[in-house]
Amino acid sequence: MQTIKEYVQSNKDRFLEELFALLRFPSISADSKYKEDIVKTANFVADKLKEAGADRVEVCPTAGNPIVYGEKIVDPSLPTVLVYGHYDVQPADPLELWDTPPFEPTIRDGKIYARGAADDKGQFYMHVKAFEYMMKNNSLTCNIKFMIEGEEEVGSANLGTFVKENKERLKNDVIVISDTSMISLEQPSLETGLRGLSYVEVEVSGPNRDLHSGVYGGGVANPATILAKLIASLHDENNHIAIPGFYDDVAELSKEEREALNKAPFDIEEYKADLGIDEVWGEEGYTTIERTGIRPTLEVNGMWGGYIGEGAKTVLPAKAHAKISMRLVPNQNSEKITNLFKKHFEAIAPPYVKVVVTPHHGGEPVVTPTDSMAYQAAEKALEEAFNKKPIPTRGGGSIPIVALFEKELNVKTVLLGFGLDSDNLHSPNEKYGIENYLKGIETIPLFFKYYAELNK
């Protein structure tokens, strides 16, 4: 029997080519014009699951994009692992900032550059190839189920319905998700929590049409100016979020917990150099690690209004817009925070404009247990693969379906991610290290091995 390392090395080129084929599909869920590409991507994933050895594979229709389901039940008495991932990706805009085309994978400096390389095609596809190895070498120690969806980047609107309608089919002992990051290849880590999300869009409107800024400027409120003022008021001088009640339910970590969190390797100068900034910014009284992991945030994701084309057009816009996301921490509730934001934003709007707040999607924060057999199995697998014990960390991002799985399927999740924070997720020039990809394939069978042993 080939060892997993031998198998990965002997199949390295094929593993990369298959991932490149997957990355070439522009499976952008936020834009309906890519609907056909979404379906093609789902079919590709289904085919690869069949080739890897899954017995039952289906492309399951939903009210939105299809969900790919596959399974291999080797023995009903063995524990069952459900692998979740998503094949949809973020829009690639702005295209002019990409060094190479976003849907033509390119290798530079040992990294794969493409939209979806790390989020999440490269990461979920590691599980497909690890499954292939376990099947070919008769070393699958647990039953395995796959659920790969196509709407994660737009809030997983139809996943909840699918989960509720398929509880028996999805029944499992643990869910494994590789859609997160680790500290580095030199220092592996395991995320033990994720922030929740409240996502809204705001519109500020003034006059009934765009106006000549010379004729009307100074006499009519400019919605773009008012929007900027309203957004600026959402943080105080200490960068705390200035919405009444926003922090009421925030779970505060103890001094000991904060000290433990800050023991993770972190070089502030490297952090600033990587981002090209002169200084960090954030909530007073907290470190950068704390600000991005255990504290809630409010960020503007986009603002627009008026003329933004080439050259000049002296116009006073009739409307201005912004998209705003709020990351939430344990005990906060996305619906409550959305309502607090809406009430506050409407209350602070001056009488010379109208404000509309439109909620989009949200999700709840989660904390995963570090004393479970699944966490211990992941810890052992990473330690063997990397020759170093992983450090527990808190993730700043959100995977709303983790809370959904816990509620509907009554199981916990292990966040076995192999990406890096510097992988440019959601940005131009998204990338994923070849070594990260291959190391993930090596590590996943070890998780299955240790999880089965701990369950005996």
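## A walk from helix 7 to a three-stranded sheet

Start by selecting helix 7, residues 223-232, and pick out its buried residues: P223, I226, L227, L230 and I231. Keep in mind as you go that this is a predicted model. Now look down the axis of helix 7: the buried residues fall within an arc of 135°, so they line one face of the helix. That fits a general pattern: an α-helix has 3.6 residues a turn, so residues three or four places apart point the same way.

Swing the view round to the face turned away from the buried side of helix 7, and you'll find the exposed residues K229 and A232. What covers the buried residues? Show strand 9 (196-205), strand 11 (297-305) and helix 11 (334-348), which are among the elements that do so.

Before you leave, click on N222, which caps the N-terminal end of helix 7. One of its side-chain oxygens sits 2.9 Å from the backbone nitrogen of A224.

Next, follow the chain to N239, in the loop between helix 7 and helix 8 (255-261). N239 isn't a glycine, yet it has a positive phi of about 65°. Is N239 buried or exposed? It's buried, with a relative accessible area of 18%.

Now jump to D109, in the loop between strand 4 and strand 5. Here is another non-glycine residue with a positive phi, this time about 55°. D109 is exposed, and its relative accessible area is 72%. For background, most residues other than glycine have a negative phi, and most peptide bonds are trans.

Speaking of peptide bonds, select D93 and P94: the bond from D93 to P94 is cis, with omega near -5°. You'll find P94 in the loop between strand 3 (80-86) and strand 4 (106-108). Then try D119 and D120, where the peptide bond is also cis, with omega near 0°. D120 belongs to the loop between strand 5 (111-113) and helix 4 (121-136).

For the last stop, show strands 4, 5 and 18. These three strands form an open, antiparallel sheet in the order 4-5-18. Strand 4 and strand 18 (431-433) are at the edges with a single partner strand each, so one side of each has no neighbour in the sheet. From one strand to the next, the twist averages 30°.

Zoom in on strand 4 and strand 5, which pair over three bridges. Select I107 and look across to strand 5: its bridge partner there is I112. Finally, add helix 14, residues 434-454, which lies across strand 4, strand 5 and strand 18. Helix 14 runs at about 60° to strand 18.

Methods:
Residues are numbered from 1 along each chain as its sequence is written. This is a predicted model: local features need pLDDT of at least 70, side-chain atom pairs count only at pLDDT 80 or more; totals for chains, interfaces and linings use all residues. Side-chain values use heavy atoms; hydrogens and water are left out. Buried means under 20% relative accessible area, exposed over 50%, partly exposed in between (1.4 Å probe, protein chains only). Helices (H or I, at least four residues) and strands (E, at least two) are DSSP runs, numbered from the N terminus. The arc is that of the directions from the helix axis to the C-beta atoms. Contact means heavy atoms within 4.5 Å. A polar contact is a pair of N or O atoms within 3.5 Å; within protein, one must be able to donate a hydrogen and the other to accept it, and residues adjacent in sequence count only if both atoms are side-chain atoms. Two strands pair if DSSP finds at least two bridges between them. Axes are lines fitted to C-alpha atoms, for helices over the stretch in contact, and angles run from 0 to 180 degrees between N-to-C directions.
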